[in-house]
Structure formats: structure tokens, C-alpha cells
Amino acid sequence: MRAYSALVVVAGLCAAPAAAADLPTRKPAPEEIVAPALSSNWRFEITGYGWATSLAGNGGFGPLPPELFFANFAKIIRHFEGGLMGAATASNGTFIGGVDLIWSRLGAGVNFKDPDSALFGSHANITLNEFIGTGFGGLRIPIGPPNLELYGTVGARYFYIRGENTLTTPVFGFQQKSSVTKDWADPVAGLAAHYVINDKWFINFLTDLGGLDNSATGQVLGSVGYNWTASIATTLGYRVLYAYERDISGPLRDFRYQSWMYGPFAGFKYSF
């Protein structure tokens with residue numbers, strides 16, 4: 001009996017290391033998992049363009065009746081003294097936002113040759129500075145095929161016009177300078193569309209309309225584009241821009257302005 005008990009004890013001692021080996025051990029702490037950086041799905045586009053615009057309309061202020069004016073692109077380019085046109089947009093397939101900026105400066109010299117005029121023999125230098133800025137934001141309208149992005153947009157268009165006149169009389173070269181400045185802004189709402197034909201060709205379309213009690217503005221733009229690379233594209237299209245403003249309370253005493261700007265344009269676009 002004593003021998004049997006001793007064998008049991010010895011067997012237990014021999015089994016102890018094996019049982020201890022079967023016990024769960026403390027595992028090292030898992031390595032921290034770092035989430036990979038997600039790429040942004042926003043796409044940005046910067047476009048510089050040239051607009052071969054013609055201009056037609058009428059304008060005036062004070063008691064004078066409105067004067068009609070018309071100048072085709074060939075006439076405008078002869079008096080062109082400087083300009084800058086560009087646009088920038090950002091979109092992610094759901095939202096879109098952008099700005100469009102136009103600045104131009106025209107100049108002309110006029111000699112008064114009518115002997116019956118009080119200004120006979122005088123010379124006038126006339127310059128016209130005009131700035132048009134449009135800002136908008138929009139939300140995608142989920143209709144149409146997947147290669148069509150159609151957005152409903154809202155925004156505002158700002159106009160700034162400054163005309164300067166320097167009159168030089170024949171007597172001692174005396175000069176008299178005068179200027180007229182006017183600016184205003186109109187809310188606008190419209191549509192913007194981008195249609196992908198294939199990996200190279202695409203179509204852009206933009207239209208808006210808006211205004212206030214005594215002002216109105218609107219535009220229509222359509223273009224066809226070609227992707228030379230993933231980042232560089234060129235576009236060719238046609239644009240019409242309308243503006244109307246009347247202000248009977250300002251310092252110009254009944255300012256009136258109405259114009260149509262229209263013509264083809266070509267653009268160079270960089271995307272990233």
C-alpha cells in the first residue's frame with residue numbers, strides 16, 4: 001500500500017510540468033492598427049480662357065435718353081487695352097462650387113471735328129473698365145446616365161463698371177477729367193452639367209438666371225472639351241451673357257444699362 005501511494009505521488013509530480021505547460025500563457029499586446037489615409041474624391045479645375053465677345057445694348061444716366069451701342073469683336077479688339085478671364089471649380093460627385101472672373105479694359109481717342117460744336121478742336125481719351133464676377137454652389141440632381149453629372153446651382157453675379165474721360169482743349173492744352181462708377185450684384189440660380197462621352201471627349205453646359213426689382217442677369221454656355229492627359233484639357237464653345245440695371249436713387253440720377261455679350265470662346269483647363 002505504501003509502495004502504491006508513493007507511485008501515485010511520483011506520477012503526480014511528473015505530470016505537474018506537463019499540466020503547467022497546458023495552462024494558457026499571457027500573449028503579447030497586438031500591434032496598433034493604423035487606418036490607411038483615404039484619398040480625397042474632390043476634383044479641382046482651373047481654367048483660363050479667351051472670349052471673342054461682341055457687345056450690344058444701350059445705356060445712359062440723368063435726363064439724357066439711353067444711347068444704343070454695338071461693337072463686334074473686330075472693333076473691340078482694336079480698342080482692347082487689357083483683360084483677364086478665368087474660372088475655378090471644385091466637385092466631388094455630390095457637391096459643386098466655383099467662381100468665374102472677367103476683367104477687361106477698353107480705350108479710345110476721339111477728335112471733335114465739327115466746327116459747330118463747342119468742343120471743336122478738342123480731343124477726348126475714353127477708357128472703360130469692367131469687371132464681372134460670378135460665384136456659385138450646387139447639389140447634384142440624381143437623374144440621367146452615370147456619365148452625366150447634373151447640378152442645381154445658386155449664387156450671385158457682381159458687376160463693376162468705371163468709365164473715365166479726359167478732355168483736352170486746343171487752348172493751352174487744358175485738360176478736364178471726369179469719371180462715372182457703378183456696381184451692383186444679382187442673385188442667380190441655374191443648372192450646370194458635365195457629360196462624359198468617352199475617356200477623351202466631354203461636354204459642359206451652364207445656364208443661370210436671376211435679378212432683383214430693377215436688375216436682371218442671365219447666361220447660357222456650352223462647350224466641347226478634349227482630355228489631352230488626365231490633368232490637361234482644352235475646350236471650345238459659345239457663351240451669351242445678359243445684364244440689366246436701373247438705379248433711380250443713386251448719385252448718377254437714373255442710371256440705365258442693358259447689354260448682351262456673346263461670342264465663341266476657347267479654354268485651357270488644368271485638373272488635380
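This report looks at strand β2 and at the largest nonpolar core of a predicted model.

Residues are numbered from 1 along each chain as its sequence is written. The model is predicted, so local features need pLDDT of at least 70 and side-chain atom pairs count only at pLDDT 80 or more, while totals for chains, interfaces and linings use all residues; side-chain values use heavy atoms, without hydrogens and water.

**Strand β2**

Strands are DSSP runs (E, at least two residues), numbered from the N terminus. β2 covers residues 54-60. Seven of its seven residues are buried, so the strand is largely enclosed by the rest of the structure. Buried means under 20% relative accessible area, with a 1.4 Å probe and protein chains only. Ser54, Ala56, Asn58 and Gly60 point one way. Leu55, Gly57 and Gly59 point the other way.

β2 has these pairings; two strands pair if DSSP finds at least two bridges between them.

| Partner strand | Sense | Bridges | Opposite residues |
|---|---|---|---|
| β12 (residues 255-271) | antiparallel | seven | asparagine 58 and glutamine 258 |
| β3 (residues 67-71) | antiparallel | five | alanine 56 and phenylalanine 70 |

**The core**

A nonpolar core is a set of buried Ala, Val, Leu, Ile, Met, Phe, Trp, Tyr and Cys residues joined through side-chain atoms within 4.5 Å. The largest one has 19 residues. Those with the most contacts inside it are Trp51, Ile102, Ile132, Trp184, Tyr257 and Met261. β1, β5, β7, β11 and β12 each give two or more residues to this core. β12 gives the most, with four.

What does isoleucine 102 touch? Its contacts (heavy atoms within 4.5 Å) include Tyr49, Trp51, Leu84 and Arg239, not counting residues up to four places away in sequence.

Methods. Buried means under 20% relative accessible area, exposed over 50%, partly exposed in between (1.4 Å probe, protein chains only).
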